[in-house]
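Subject: Structure for you, with notes

Hi,

Here is the structure I promised to send over. Please open it first, then read my notes beside it.

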Amino acid sequence: MKKKYLLLILSIFLVSSLFAVQKSAQVRTGSKIIVTGYVVSKGNMPFVYPAIKAQDGTEYMIICKDKTKRKLLDAQGYLIKFTGKLNEDGFFVLKKWKKI
């Protein structure tokens, strides 16, 4: 009888640990982040969109207005400081940017 309860408790613990997510591994969406990196163009003509290539090698797709997209694509090759937030899909929603 004690073995059944012990086995039940152990199995519940193992199953719950499989579905647990570490808090440090979660991406905080909606929080303001600052990324320093370069603008790279992705896609094929005429459907080119800018992306951020951060200094640590991470790439983010940028969500912004068409006018801002054109300005960012013209700024390729410059080191830029981007300010924005990550949405729930993992895309970078651009608030402002500045050439360094």
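Below is what I found, beginning with the whole chain and then moving to single sites.

**Overall**

Keep in mind that this is a predicted model. The chain has 100 residues, and 21% of them are buried. Its secondary structure amounts to two helices and five strands. In sequence order the elements run α-β-β-β-α-β-β. Of the contacts with a separation of 6 or more, 48% join residues 24 or more positions apart. The accessible surface is about 8,100 Å². Carbon and sulfur atoms supply 59% of that surface.

**Salt bridges**

How many salt bridges does a search of the whole structure find? It finds two. Glutamate 59 pairs with lysine 42, and their closest N and O atoms are 2.9 Å apart. Lysine 42 belongs to strand β1 (residues 32–44) and glutamate 59 to strand β3 (residues 59–63), so this pair ties together parts that are 17 residues apart in sequence. Glutamate 59 also meets lysine 53 in a salt bridge, at 3.8 Å from N to O. Lys42, Lys53 and Glu59 are thus linked in a network.

Are these side chains buried or exposed? Each one is partly exposed. The relative accessible area is 37% for glutamate 59. It is 28% for lysine 42 and 35% for lysine 53.

**Tyrosine 38**

Tyrosine 38 sits in strand β1. Its relative accessible area is 39%, which makes tyrosine 38 partly exposed. Which residues does tyrosine 38 touch, not counting those up to four places away in sequence? They are Ala51, Ile52, Lys53, Gly77, Tyr78 and Leu79. Lys53 on that list is also a member of the salt-bridge network. A further pair to look at is tyrosine 38 and glutamine 55. They are 17 residues apart along the chain, and their C-alpha atoms are separated by 7.8 Å.

**Threonine 83 and lysine 95**

These two residues are in contact with each other. Threonine 83 is in strand β4 (residues 80–86). Lysine 95 is in strand β5, which covers residues 92–99.

Their accessibilities fall in opposite classes. Threonine 83 counts as buried, at 9% relative accessibility. The cut-off for buried is under 20%, and for exposed it is over 50%. Lysine 95 has 56%, so lysine 95 is exposed.

Now the contacts, leaving aside neighbours within four places in sequence. Threonine 83 has two runs of partners. One is Lys32, Ile33 and Ile34. The other is Phe92, Val93, Leu94, Lys95 and Lys96. For lysine 95, the partners are Thr83, Gly84 and Lys85. Isoleucine 63 is another residue to check against lysine 95. The two are 32 residues apart along the chain, with 9.4 Å between their C-alpha atoms.

**Surface patches**

Where does positive charge gather on the surface? It gathers in a patch made of Lys32, Lys81, Lys96 and Lys98. Lysine 98 lies in strand β5. Lysine 98 is exposed, with 59% relative accessible area. Two members of this patch, Lys32 and Lys96, also appear among the contacts of threonine 83.

There is a nonpolar patch as well. Tyr49, Met61 and Ile63 make it, and its area is about 210 Å². Methionine 61 is part of strand β3. At 30% relative accessible area, methionine 61 is partly exposed. Ile63 is the residue already paired with lysine 95 in the C-alpha distance above.

**A cis bond**

One last site. Which residues does a cis peptide bond join? They are methionine 45 and proline 46, with omega at about 0°. Most peptide bonds are trans. Proline 46 falls in the loop between β1 and β2 (47–54).

**Where to look**

For a quick tour, begin at Glu59 and its two lysine partners, Lys42 and Lys53. Go on to threonine 83 in β4, then to lysine 98 in β5. Finish at the cis bond between methionine 45 and proline 46.

Best wishes

Key. Residues are numbered from 1 along each chain as its sequence is written. This is a predicted model: local features need pLDDT of at least 70, side-chain atom pairs count only at pLDDT 80 or more; totals for chains, interfaces and linings use all residues. Side-chain values use heavy atoms; hydrogens and water are left out. Patches are made of residues with over 30% relative accessible area and no salt bridge: like charges are joined within 9 Å, nonpolar side chains (Val, Leu, Ile, Met, Phe, Trp, Tyr) within 5 Å. Accessible areas come from the Shrake-Rupley method with a 1.4 Å probe; for residues, only the protein chains shown count as cover. A salt bridge is a side-chain nitrogen of Lys or Arg within 4 Å of a carboxyl oxygen of Asp or Glu. Lys and Arg count as positive and Asp and Glu as negative; His and the chain ends are not counted. The place of a charge is taken as NZ of Lys, CZ of Arg, CG of Asp or CD of Glu. Helices (H or I, at least four residues) and strands (E, at least two) are DSSP runs, numbered from the N terminus. Buried means under 20% relative accessible area, exposed over 50%, partly exposed in between (1.4 Å probe, protein chains only). Contact means heavy atoms within 4.5 Å.
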